[in-house]
Amino acid sequence: MLIEASANDNYMKTLSLGSFPSKVLDFQESPDFFQQTVFVDYQLQLLIQHDLGDAIASRKNSEAAKSASEKLAQLKNYISSVGANYSARNKSYEEALYHTVVLADLHYLSGEYEQMSATLSSFTLSKSPRLDSEAQEDLVDYLTARFYALYGSGKRDGAYKHWLEYLTNLTKYGTKSQIAANRWQDTILLRVVGLLSSNGTRPLRFKDILAQSFNENACSITAISSFCLRPENEKHVVKEFRGDFMVFLTELVNSKIKQKRDFPDASAELSEEDDFIDSLYEALYDISTQRPLVAQVLKPKLSKKFLVNMTEKTYQSFTVLSNLIRTLLDLEEYDEAIAALKTYIDYVEKDSEQNHGRVKNILDVIDIYTMCIQHFNPKHSMIPSSQEADIPKKFRYNSLYSVVEQLKSFSKQLLHFLDELAKVADLQYDEAAGLQDNRLSFLYHRYNTNLVMTDQSKFVRIVSKAWFVMGDLHSYLASHSSATHEIMKDNTETVLKYWKNSLIVNSTGNSTLLFKYALELSYNNLVEPALKLCKFALKKYPEQFQIWNLLVLLHSAAEAEKSSADNETNQANHAAILDDLKKSGTDQTSLYESERFVEDALNIAGLYMQKSKQKGTPISFQKKYSILQLKMTQLAMWEAKHGIEFILDSIAEVFVLYRELFEQSDVKDYNQKELPPQPQHLNPVQSIAESKWSHRPSVVDPAIPELKVDKSSSREHRAAKDRLKRKVSSKNDSKPEPRPSKPAGRVLQEVWLWAASIYLRLGSLQEAEECIVEAETVAPPSVRTYTFLGLLTSKSRKFLSLQEFERSLEEFHHPEEKFNKKAYSVTLLGMCKLFIEDDEPESSLFISNKDLDAGLIRVKNYLEEYSNCWPYGHNSPELWYYLSTIYEKFDDKLLFNEALWKCVELENKRPVRAYHVCEEWAVTYCDVCSFPPEYCEFGGQFRKCREWLSENHKEIFEKLYSDAALANATSTLSIEKEEKIHKDLEKKQAKEEAKAERELKKKLASKVVIKRIERNRRKHVISIGGLEVFNIDMKKLSKTFAQKFATGASVVKNAEKKDEIVVQGDVSDEARAYIEKLLEEKGLDEVKVEQIDDKKKKKREEAAAAAAAAGKN
């Protein structure tokens, strides 16, 4: 076992990570030879970063170049004098090597290539140097790579052969904790690839790589080939390179699987196998930060087979297990991944104990924890697929509670490793710098001057992502798993702390992180720092429309706070206020600053859309959604400034913008035959009382003629409504209306409900009703549509309103709506409005005061629980207002005061729209295989996946699986391999088609049986069986029957242990009609639905009567 034998071992660890010791400037006065060399190297790296750049060798004739040359000369003289002051006996191997490469690097940057080669030639590299610790080994690996990179850069003939020599002897590549070595290894690969391809003028084939002198070294082949596949290096290779490398890699992995090897004992050394696996996967992971692109090179299923096989040939290998965990995450086998992670944690803990607390390859350990916490986060892992609504999407055997508790434990362990890394790499955060109170200190203070690397380096990416992922986990805990306000506040403060730490490490390289941190500051009502951060982010990322939207909302909140303060200060002196406004135009200007910002943002959005259209580049779905939200924010600004009637004419502009954004790529045209049956629409001129609404009969019941209707809409309201209908209607009435895809339809539904909310606030119930009808037409009804129907009828049909709110609350118990806290807020506040504001004594929902008190207590419990949900519940002024009203009724003065003051505090800083409208649209998953679209080819139903993507996510389909995309992918293969892949694909698709055909025949051969069973006293129930064949959610359908027929319904097991639905009452005809319509929507209209009477009981009664009659005779 290696032990730390040198006083400088800690500094060597830091250097291997690509960093420098924090007190490196003090090394100038140190008597230690190694520390003096570290000081010179640090000054050299600063010079490269700030003065020289990558083109230092060109030595341009400028003042900056002259100044840089003078500094280089000073450093050369300094390090030469340091070397002369110490004899060779006083220098260890690694210290002498370090001094040599730093001096050679200075000669190289000065253009002194002969002196550089002479310096390197004077040092003899040892193949097996005598080293006393792992830190020394890592440092020597780094310095050896740097040595060869410089040696091959000389101007002598054949100097490049030193690079080939290094690749021939390469045994380990890309290890995460050897960041410095990785950098110089990549330098060698870049220069070799540039040399072989003549800097891209003669692109390489894969056989050109195999023809090199290092062709027997699988580590070097995979390293240089993967390096060529990085996006920035694709110019160096032909299109066929990727396919040929994939074939080579598949054959290599399969050959490793077939190798026979006995299971080793604990004392066996298998570093060769570990090094190969580590090098292979690190090389592949460096191709792209996007895992799906890596999975295209080495298929996850083959990778899993290989790694499982290697677990049988290695003893407690960290490398095998860590890469197996990553592969299981790619395959979304989360239960297996979490079990593997627990085993990995045991390995790490035992190894740490044996090495006196030192963690081996600490960056890889941090990366594994980060990936697992990110994927296991319930926001990403517990949302069910549409095919299996009652089973979690990725965890099938671990409950939500179990996952959350384990994630808390993993987060604490990851925090420990990040603290250990901070010690090794000499990283500083707020505690060391004393800047905890400054939320934006990372913009003004350089925390880690010893970290001389770019924001895109692997070290920065891993550490920054680790802090971000932990903050994201605590964001989930604050929203969904905080039992008290204190726990919620602790979680929110932890989110801010962790995300700030992430930005301390990487302050400019991640627009998502900048936006997330600014949004979290906004949720905490820290308006000023959030404004500054948004402006900083927009300077670097001007086309991030989420940030623009947040900036506008923050300005509106600042204006509201200023207006509130002015009203309190000058409430009695209106004349003084007018005089101040006349004398100074600054206040008047700042008052409308938010309007100017939103206009600027929309102008930039218009230019961006025009530029994308001209270039033919698609706009991402998220950007489209953000631009649409920005337009809605503009109307909210106008409403706040000028009143709600001012924006009526502009509502149609939002729909026009929706068409412009989503019509081209997200709306599919259907022929008239393909159109599904549309609901009957209201005549625009008809009143609610005169119309018959077949789409939602529970809202407007034509049997009740005396329905109160709001007919106070002015002529302007009706004219605005007519203009809205003309603008959003189709241009050609003879053609059917295009039907939007699923995500675009959900966005359009959201827009219609937004329009409905405007009309509801205005009191125009008819227009609001029509908007809700449209919302339910363009997309399936959801909790939001149910809630808006409840709001629509809260004054006129209170019991129906309550029914809609109850229905929404029931939906929130379903797994697919469990995390939809934003929609829950609207439902809960709507119910409060019904109970507290709209309920009148003469037409009350409640039969007595006790009944009313029970209802209010129920609502109070809902509100108090939701107030612990950050930020949707806790930051809602309406929630605290309704709570204060309830507390006042129950004479709880203490809680009444707290709730009322909280409401006032939030109202004073309230933006024109809630900050959460800036949040991202939901992540896309395939409805067929439940995988992300990039992984559909591994799901076993690829053909169905393609069809679903082409209909619902055309942008993703065009990018991944369109004919052009597939042709581009197969163009990288040779003709023989392309034909082989096509044959394999045809076989796979043929199997899928045969399987689908068998399933369809089975479904068509099946039948649904509705059995009418007579009970005592002429009462009946019906049992419905045979639905399980058609992938219908029985529990959902039973709830639908219960609500539709106003009766009881449940799912039970029959004698054959199959699920069937039992409905109370004789509703067999209605149930049959509904089931036939449901099957027709699934394309199964040929399936028979039979109705039968259960006559067994009648026969028994008749037989008993006949026997009694015979006995009498």
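In which helix is the place of Ser556? Ser556 sits in helix H26, and the legends below begin with the whole model before turning to this and other sites.

**Figure 1. Overview of the predicted model.** This is a predicted model in which local features need pLDDT of at least 70 and side-chain atom pairs count only at pLDDT 80 or more, whereas totals for chains, interfaces and linings use all residues. Residues are numbered from 1 along each chain as its sequence is written, and side-chain values use heavy atoms, with hydrogens and water left out. The secondary structure comes to 47 helices and seven strands, where helices (H or I, at least four residues) and strands (E, at least two) are DSSP runs numbered from the N terminus. Of the 1113 residues in the protein, 51% are buried; buried means under 20% relative accessible area, exposed means over 50%, and partly exposed lies in between, with a 1.4 Å probe and protein chains only. The protein exposes about 54,600 Å², of which carbon and sulfur atoms supply 50%, with accessible areas taken from the Shrake-Rupley method with a 1.4 Å probe, and only the protein chains shown counting as cover for residues. Among contacts (heavy atoms within 4.5 Å) with a separation of 6 or more, 71% are between residues 24 or more positions apart.

**Figure 2. Surroundings of Ser556 in helix H26.** Ser556 has a relative accessible area of 6% and is therefore buried. Not counting residues up to four places away in sequence, Ser556 touches Ser594, Met637, Arg910, Pro911 and Val912.

**Figure 3. A salt bridge between Glu561 and Lys909.** The side chains of Glu561 and Lys909 meet at 3.8 Å, N to O, which falls under the definition of a salt bridge as a side-chain nitrogen of Lys or Arg within 4 Å of a carboxyl oxygen of Asp or Glu. The pair links distant parts of the chain, with Glu561 in helix H26 and Lys909 in the loop between helix H40 (893-908) and helix H41 (942-952), 348 residues apart. Glu561 is partly exposed at 33% relative accessibility, and Lys909 is partly exposed at 23%.

**Figure 4. Two further salt bridges, chosen from the 38 in the structure.** Glu333 and Lys304 meet through their side chains at 2.7 Å, N to O. Because Glu333 lies in the loop between helix H15 (318-330) and helix H16 (334-354) while Lys304 lies in helix H14 (residues 300-311), this pair ties together parts that are 29 residues apart in sequence. Glu333 is partly exposed at 22% relative accessibility, as is Lys304 at 26%. The side chains of Glu543 and Lys611 form another salt bridge, at 3.0 Å, N to O. Here Glu543 belongs to the loop between helix H25 (527-540) and helix H26 (545-569), and Lys611 to helix H29 (residues 593-615), so that distant parts of the chain, 68 residues apart, are linked. Glu543 has a relative accessible area of 26% and is partly exposed; Lys611 is partly exposed at 34%.

**Figure 5. Helix H12, residues 271-285.** The 15 residues of H12 reach 21 Å from the first C-alpha to the last, close to the 21 Å expected at 1.5 Å a residue, the expected span being 1.5 Å times one less than the number of residues. Eleven of these 15 residues are buried, so the helix is largely enclosed by the rest of the structure. The buried residues include Phe276, Ile277, Leu280, Tyr281 and Glu282. Glu282 also belongs to a network of salt bridges with shared partners, which joins Lys176, Asp186, Arg230, Glu282, Asp286, Arg326, Asp364, Asp367 and Lys458.

**Figure 6. The largest nonpolar core, with Phe459 among its members.** A nonpolar core is a set of buried Ala, Val, Leu, Ile, Met, Phe, Trp, Tyr and Cys residues joined through side-chain atoms within 4.5 Å. Of the 273 residues in this core, Phe306, Phe376, Phe459 and Leu628 touch the most other members, and helix H22 (residues 458-480) gives the most to the core, with 13 residues. Leaving out residues up to four places away in sequence, Phe459 touches Leu17, Ile179, Leu363, Leu421, Ala425, Leu427, Leu451 and Met453. Another core, of 21 residues, lies apart from this one, and among its members are Val1008, Leu1027, Val1067 and Leu1078.

**Figure 7. The loop that holds Val238.** Val238 is placed in the loop between helix H10 (218-228) and helix H11 (240-258). Neighbours within four places in sequence aside, Val238 is in contact with Pro203, Leu204 and Arg205.
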